[in-house]
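User: Hi! Could you walk me through this structure with me asking things as they come up?
Analyst: Happy to, just fire away.

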Amino acid sequence: MTFDLEAFKASYEPSDAALAKFWETYDKENWSIWRCVYDYADDNEDLAATKEIVTEFMKKSAGMESESFGVMHVCGNLEIEGLWLFKGEDPENMFGKNEDTSWFSWNQLGPDASDPVKAAIADIWAATSTVGGKAIQDTQVFK
């Protein structure tokens, strides 16, 4: 069974069931998973402005829909954390299209679907109230 990004996007919801379906077809040879954390959280002063950082990031990612999927949360003390799926072994296409990627630290998860990797991904993609113990204040999904 090959991974179908559009089918995953159509069925995505923040739940363990959606993640179980994802892991059934995830193709580590052709896709990679990356976590991002906004480097300037200390500069965020209010929720509306912090949400706008994420909104602009999503807008600047336009054109990447066929090769990526991402969830970004504003959580805790106006921190931004996200998790992205990219076609290929790295997010270089995104970096070339969206200059705002330089405001984030990026770390690859996997490529193997070990239990710690699955737990880290569930912490972002299946989250509805907290991320890493921090209250979620806003969530945006890039489909």
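User: Let's talk cysteines. How far is the sulfur of C75 from the closest cysteine sulfur?
Analyst: This is a predicted model, and in it the sulfur of C75 lies 11 Å from the closest cysteine sulfur, the one in C36. That is too far for a bond, since a disulfide needs the two sulfur atoms within 2.5 Å.

User: And how many disulfides does the structure hold?
Analyst: Zero. Looking from the other end, the closest cysteine sulfur to that of C36 is in C75, at 11 Å, again too far for a bond.

User: Is C75 buried or exposed? What about C36?
Analyst: C75 is buried, at 0% relative accessibility. C36 is buried too, with a value of 0%.

User: OK, switching to the sheet. What is the strand order?
Analyst: The order is β4-β1-β3-β2-β6-β5, in an open sheet of six strands with antiparallel pairing. β4 and β5 (130–131) are the edge strands, each pairing on one side only.

User: How many bridges join β1 to β3, and how many join β1 to β4?
Analyst: There are seven between β1 and β3, which run antiparallel. Between β1 and β4, also antiparallel, there are six. W34 is a handy landmark here: W34 stands opposite W84 in β3 and opposite Q108 in β4.

User: Nice. How much of β1 is covered?
Analyst: Mostly covered: six of the eight residues in β1 are buried.

User: What about the pairing of β2 and β3?
Analyst: That pair is antiparallel over eight bridges. H73 stands opposite E81 in β3.

User: Anything in the loop between β2 and β3?
Analyst: L78 sits in that loop. Phi of L78 is near 60°, a positive value in a residue other than glycine. L78 is also buried, with a relative accessible area of 10%.

User: While we're on backbone geometry, where is the cis peptide bond?
Analyst: A cis peptide bond joins G110 and P111, with omega about 20°. P111 belongs to the loop between β4 (104–109) and α5.

User: Now the interior. Which residues touch the most other members of the largest nonpolar core?
Analyst: Those are F22, W23, I33, F69, L85, I121 and W125, out of 24 residues in that core. The elements giving two or more residues to this core are α1 (5–11), α2 (16–25), β1 (31–38), β2 (68–75), β3 (79–87) and α5 (115–125). The largest share, four residues, comes from α5.

User: What does W125 contact, beyond its neighbours within four places in sequence?
Analyst: Quite a list: F8, Y12, E13, P14, S15, L19, F22, F69, V71, L83, W84 and L85. There is also a second, separate core of 18 residues, which includes I53, F57, I80 and W84.

User: Why would nonpolar side chains gather like that?
Analyst: In soluble globular proteins, nonpolar side chains tend to be buried together.

User: Last one, on α2. Which of its residues are buried, and what do they pack against?
Analyst: A18, L19, F22, W23 and T25 are the buried ones in α2. The buried residues of α2 pack against α1, β1, β3 and α5. Two of them have already come up: F22 and W23 are among the residues touching the most other members of the largest nonpolar core.

Terms used: Residues are numbered from 1 along each chain as its sequence is written. This is a predicted model: local features need pLDDT of at least 70, side-chain atom pairs count only at pLDDT 80 or more; totals for chains, interfaces and linings use all residues. Side-chain values use heavy atoms; hydrogens and water are left out. A nonpolar core is a set of buried Ala, Val, Leu, Ile, Met, Phe, Trp, Tyr and Cys residues joined through side-chain atoms within 4.5 Å. Buried means under 20% relative accessible area, exposed over 50%, partly exposed in between (1.4 Å probe, protein chains only). Contact means heavy atoms within 4.5 Å. Two strands pair if DSSP finds at least two bridges between them.
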